Amino acid sequence: MNRDALKGLLDARRDAIDPVTVGLQRPQRQGRRAPGLAQDQVDSLAGYGRNTYTRLVNGKIDEPSFELLSAYALALRLDEQEWTAMCNYARGQAPPFTLYEDSGLEVPAVWRDVIQGCTGHVSYITDRAWNLLATNKAFDEIYEALERPTNMMRWMLLSPAARGIPGDPDRPGILTDWATAWAPYVLPQLRAARARFRRDRTLFEIEQDVVADPITGPLYEERANASVHPDGDRRPQLHPLYGPGWVTICAAEPLGSAGARVMGVFFTPGAMPDDAPAPLRASS
C-alpha cells in the first residue's frame, strides 16, 4: 500500500465536499477545516462503521476489498481515473470493475476533432460496447459502397462483409483470413468486456448472437481463457478501395472514459512483412 498517496487522494476529495450538499451538517468541532466532510461522516456515507476511513487511509486495513474501496470512492465522488489510482495505491492493482455503471458510454467531444484531423488512415471512436461514436473521412470512404456498421464488434464477428462467405472464394471479406488472423484476437476482447461491464445490455446481446452463430460460436468457446489487446497488432486486410494488404492497429482508451476506444488503422498494400518494427523506448 502507498499510504501517503492514498491518504493524499482521499483527504483532498473529502475536503472538497461540502457536507450540506450530501444532507449533512458542517462539523463544528474545534480545529476542523470547513467545509469538508469529517472522517466519521465519510464512514456514514460509505455505510461502514466509525473509524473505518481512518484505518483505511492510515494503512491499518490489510488488502482492503474492492467492495470497501468502491463504497468510499462513491462516497467521496471519485471519478474513474481517481478510482483506478485509489485501487493502485490501496492494493497495488487496477480495479476489476468500473466505479459507475455508465462509464465508457461517453467520450469528450474533442476526440472527434482529433480523429477527423487524421487524414492518412482510418480512425474512429467507439464506446465500451463498440458502438461507433465518431469516424474520420478515411473510414467513411470505405463504407460508401458497403453497409455502414453501427457496432464494430458485431460487424467484425458477424457481418459477411467483414468475414466473407465461407466456402465462396468470390465473396471474400474485408478481414482477410478472418478465422485465423482476426477472430482469435477479437473474440477474447468481447469476453473481457463482458467481464468488465457485466450489466451492459449491448455486450450481452452481442455475446448471445455470437454464441448462437454457427461460425463464430465454436471459435468463441475455444478462446475462453484468452484476452488480447489489439494495440500494435498487424493483420491482413482486403481494402475495398486499394486491394490486398495489411493493417497496423493502434488503440487507446481515453482516461476518463473506461472501456471506450480511439482507434487508428494504418493500411499498407502488399504482403505483410515478417519482422515488426522495434517499440519506442527512451534511450538511457
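Contact here means heavy atoms within 4.5 Å. Helices (H or I, at least four residues) and strands (E, at least two) are DSSP runs, numbered from the N terminus. The model is predicted: local features need pLDDT of at least 70, side-chain atom pairs count only at pLDDT 80 or more, and totals for chains, interfaces and linings use all residues. Residues are numbered from 1 along each chain as its sequence is written, and side-chain values use heavy atoms, with hydrogens and water left out.

**Stop 1: helix α4**

Select residues 66-75, which form helix α4. Eight of the ten residues in α4 are buried (under 20% relative accessible area; exposed is over 50%, partly exposed in between; 1.4 Å probe, protein chains only). Colour Phe-66, Leu-68, Leu-69, Ser-70, Ala-71, Tyr-72, Ala-73 and Ala-75 to see the buried residues of α4. They pack against α2 (39-46), α3 (52-57) and α5. Then pick Arg-77, just after α4, which has a positive phi of about 60°.

**Stop 2: α4 against α5**

Two packed helices are described by the angle between their axes and the distance between the axes. Add α5, residues 80-91: α4 packs with α5 at about 135°, and their axes are 11 Å apart. Axes are lines fitted to C-alpha atoms, for helices over the stretch in contact, and angles run from 0 to 180 degrees between N-to-C directions. The angle therefore makes α4 oblique to α5; under 35 degrees counts as roughly parallel, over 145 as roughly antiparallel, 65 to 115 as roughly perpendicular and the rest as oblique.

The crossing of α4 and α5 is right-handed (the near helix is turned clockwise from the far one by less than a right angle; anticlockwise is left-handed). Show Phe-66, Leu-69, Ser-70, Tyr-72 and Ala-73 on α4, and Trp-83, Met-86, Cys-87, Ala-90 and Arg-91 on α5, which make the contact. These residues divide into eight nonpolar, one polar and one charged. Ala, Val, Leu, Ile, Met, Phe, Trp, Tyr, Cys and Pro count as nonpolar, Asp, Glu, Lys and Arg as charged, and the others, Gly among them, as polar.

**Stop 3: α1 against α5**

Keep α5 and add α1, residues 3-15; the angle is about 145° and the axes are 8 Å apart. This crossing is left-handed. From α1 come Ala-5, Leu-6, Leu-9, Leu-10 and Arg-13, and from α5 Glu-82, Ala-85, Met-86, Tyr-89 and Ala-90. The contact has eight nonpolar, no polar and two charged residues.

**Stop 4: Gln-237**

Go to strand β3 (residues 234-239) and select Gln-237. Gln-237 is buried, at 9% relative accessible area. Beyond neighbours within four places in sequence, its contacts include Ile-174, Thr-176, Trp-246 and Phe-267.
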